[in-house]
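Have the sequence and the model open side by side for this one. We'll start at a single side chain, then step back to the whole chain and visit a few more spots.

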Amino acid sequence: MTDPGRGFEPATGDGADVPAGRREAELRTAYEGLLQIRRLVNGPAGTGVPAPWEVARPARAVALALEASGMAPSAVDREGRRTRTGYRVAAASGAGRVEVTWVGPPGAGAAAEEQERLTACAAALGELGWVCLLYRGPRGRRFLEVEPPR
């Protein structure tokens, strides 16, 4: 939701569960603003390449892109326990990179869905010019590493 002085904050998957209807108009406005920034600063490349604003704030930009594409973010309660299965966006090692994981409450089956869901996340981000690589982590869980094109 919008905080006075801060603007729209996209869902990273580490926030509280917010009913979709309350965010739709703000999400649409924020995403349309992102595309307009791309058109203005990218010239002929248009909306297919991340703008400098996004490259400087990749976690925020990737979270906005995923939420706007209709992907469901994960959510946590006040104690930090997962309450909903979905994507989670967090800073990764290396400047300008983020990691996208598919997480959920214990026993919710997030691990069984992760390859399909992360592949869908990569497709949505790829359409917007982000470079996505799917990896398998130390415990066999998959994750996306996302970065702007070079």
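Which residues does W102 touch, not counting residues up to four places away in sequence? With contact meaning heavy atoms within 4.5 Å, W102 touches A72, T85, G86, Y87, A110, E113, E114, R117, L118, C121 and R141. Before going further, a word on ground rules: this is a predicted model, where local features need pLDDT of at least 70 and side-chain atom pairs count only at pLDDT 80 or more, while totals for chains, interfaces and linings use all residues. Residues are numbered from 1 along each chain as its sequence is written, and side-chain values use heavy atoms, with hydrogens and water left out.

Back to W102, which is found in strand β6, residues 98-103. W102 counts as buried because its relative accessibility is 4%; the cut-offs are under 20% relative accessible area for buried, over 50% for exposed, and partly exposed in between, using a 1.4 Å probe and protein chains only. From C-alpha to C-alpha, W102 and R88 are 6.2 Å apart in space, with their positions 14 residues apart in sequence.

Now zoom out. The protein chain has 4 helices and 8 strands, which here are DSSP runs numbered from the N terminus (H or I and at least four residues for helices, E and at least two for strands). Read from the N terminus, the order is β-β-α-α-α-β-β-β-β-α-β-β. Along its principal axes, the C-alpha trace spans about 45 × 35 × 25 Å. The protein chain has a radius of gyration of 15 Å, which agrees with the value near 15 Å for a compact globule of 150 residues; the radius is taken over C-alpha atoms, and the globule rule is 2.2 Å times the number of residues to the power 0.38. Of those 150 residues, 38% are buried. Among contacts between residues at least 6 apart in sequence, 46% join residues at least 24 apart.

Helix α3 is a good place to look for covered residues. Spanning residues 58-68, α3 is mostly covered, with 8 of its 11 residues buried: P58, A61, V62, A63, L64, A65, L66 and E67. Just after α3, G70 takes a positive phi of about 95°.

For a contrast, try V55 in helix α2, residues 52-56. V55 is partly exposed because its relative accessible area is 36%. Leaving aside neighbours within four places in sequence, V55 is in contact with P50 and P148.

Next, the cysteines. A disulfide is a covalent bond between the sulfur atoms of two cysteines. Taking a disulfide as a pair of cysteine sulfur atoms within 2.5 Å, a search of the whole structure finds 0 of them. Why does C121 have no partner? The closest cysteine sulfur, in C132, is 8.6 Å from the sulfur of C121, so that pair is too far for a bond. C121, one of the residues that W102 touches, counts as buried because its relative accessibility is 0%.

C132 also leads us to E145, which sits in strand β8, residues 142-147. Is E145 buried or exposed? E145 counts as buried, because its relative accessibility is 18%. Not counting residues up to four places away in sequence, E145 touches R97, V98, V131, C132, L133 and Y135.
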